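Subject: Structure for your review

Dear colleague,

Please find below the structure I said I would pass on to you. My notes on what was found in it follow directly after, and I would be glad if you read them with the model open beside you.

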Amino acid sequence: MNEINTIQTEIAENFQLFEEWDDKYEYLLEFITDVKPLKEAEKTEYNLVKGCQSRIWILSEFRDGKVWYKIDGDALIPKGIAAVLQKILTGRDAESIVKSDINFQKETGLVKYLSPARVKGIESMILKFKSLAAQHLINN
């Protein structure tokens, strides 16, 4: 099992320890605690996730053969989801990211608690993470 799948499985198992949505929500928000806010200059239209109800920004850089992400957002739940994705994907090689099957949102059961628009927003975030990794594959 690759690192991406291992982390997704671990997160899903942790989510399943909680029965109530409020507890799952609190766990999701724990992922935000390590997120450093982006500088205003980094909150550009290019870095903004299209197709997300809230404003979520995702940036990446390529160093040491790996992709490193930074995220920020203006709403707690989407920012928490972006932080989970960041945890799953950051520090991985670009090819693994592009080829990965990101399914934590289904494995955790989060999709049952979110509106269809929020679920679409997760898919948009995943697409942004993967497209940034694909750009690093092309450029390096």
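**Buried positions and the core**

With a relative accessibility of 3%, A12 counts as buried, and its place is in helix α1. Please bear in mind throughout that this is a predicted model. A12 also has a partner that is remote in sequence, since L110 stands 98 residues away along the chain while the two C-alpha atoms are 9.5 Å apart in space.

The largest nonpolar core has 35 residues, and among these I58, Y69, I81, I88 and M125 touch the most other members. At least two residues of this core come from each of α1, α2, β1 (56–63), β2 (66–73), α3 (76–89), α4 (94–99) and α6 (116–139). The element that gives the most to this core is α3, with eight residues.

G73, which lies in strand β2, is likewise buried, its relative accessible area being 15%. Between G73 and A83 there are 9.5 Å from C-alpha to C-alpha, for a separation of 10 residues in sequence. A further pair of this kind is R118 and G51, whose C-alpha atoms are separated by 9.4 Å although the residues are 67 apart along the chain; R118 is found in helix α6 and is partly exposed, with a relative accessible area of 25%.

**Salt bridges**

The structure holds nine salt bridges, and I describe some of them here with the places of their partners. As background, side chains of opposite charge can pair when their charged atoms come close.

The side chains of E3 and R92 meet in a salt bridge, with 2.8 Å from N to O. E3 belongs to helix α1 and R92 to the loop between α3 and α4, so this pair ties together parts that are 89 residues apart in sequence. R92 counts as buried, at 13% relative accessibility.

E42 and K70 form another salt bridge, in which the closest N and O atoms are 2.5 Å apart. Here too the pair links distant parts of the chain, with E42 in the loop between α2 and β1 and K70 in strand β2, 28 residues apart. The two partners fall into separate accessibility classes, for E42 counts as buried at 15% relative accessibility, whereas K70 counts as partly exposed at 36%.

R55 and D74 are joined through their side chains in a salt bridge of 3.7 Å, N to O. This pair links the loop between α2 and β1, where R55 lies, with the loop between β2 and α3, where D74 lies, across 19 residues. Both partners are partly exposed, R55 at 46% relative accessibility and D74 at 48%. Beyond these pairs, E40, K43, D72 and K79 are joined into one network by salt bridges that share partners.

**Surface patches**

On the surface, a patch of negative charge gathers E19, E20, D22, D23, E26 and E30. One of these, E20, lies in the loop between α1 (3–15) and α2 (21–30). E20 is exposed, because its relative accessible area of 52% is over the 50% cut-off for that class.

The surface also carries a nonpolar patch of about 270 Å², which is made by V98, L137 and I138. Of these residues, L137 is found in helix α6 and is partly exposed, with a relative accessible area of 40%.

**A backbone angle to look at**

Finally, I would draw your attention to D64, which is in the loop between β1 and β2. Its phi is near 55 degrees, a positive value in a residue other than glycine. For context, most residues other than glycine have a negative phi. D64 counts as exposed, at 70% relative accessibility.

With best regards

Notes
Residues numbered from 1 in each chain as written. Predicted model: local features only at pLDDT ≥ 70, side-chain atom pairs only at ≥ 80, totals over all residues. Heavy atoms only, no water. Patch = residues over 30% accessible without salt bridge, like charges linked within 9 Å, V, L, I, M, F, W, Y side chains within 5 Å. Areas by Shrake-Rupley, 256 points an atom, 1.4 Å probe, with all protein chains shown as cover. Salt bridge = Lys/Arg side-chain N within 4 Å of Asp/Glu carboxyl O. Lys, Arg positive; Asp, Glu negative; His and termini not counted. Charge placed at Lys NZ, Arg CZ, Asp CG, Glu CD. Helix = DSSP H or I, 4+ residues; strand = E, 2+ residues; numbered from the N terminus. Buried < 20%, exposed > 50% of the residue type's maximum accessible area, 1.4 Å probe, protein only. Core = buried A, V, L, I, M, F, W, Y, C linked by side-chain atoms within 4.5 Å.
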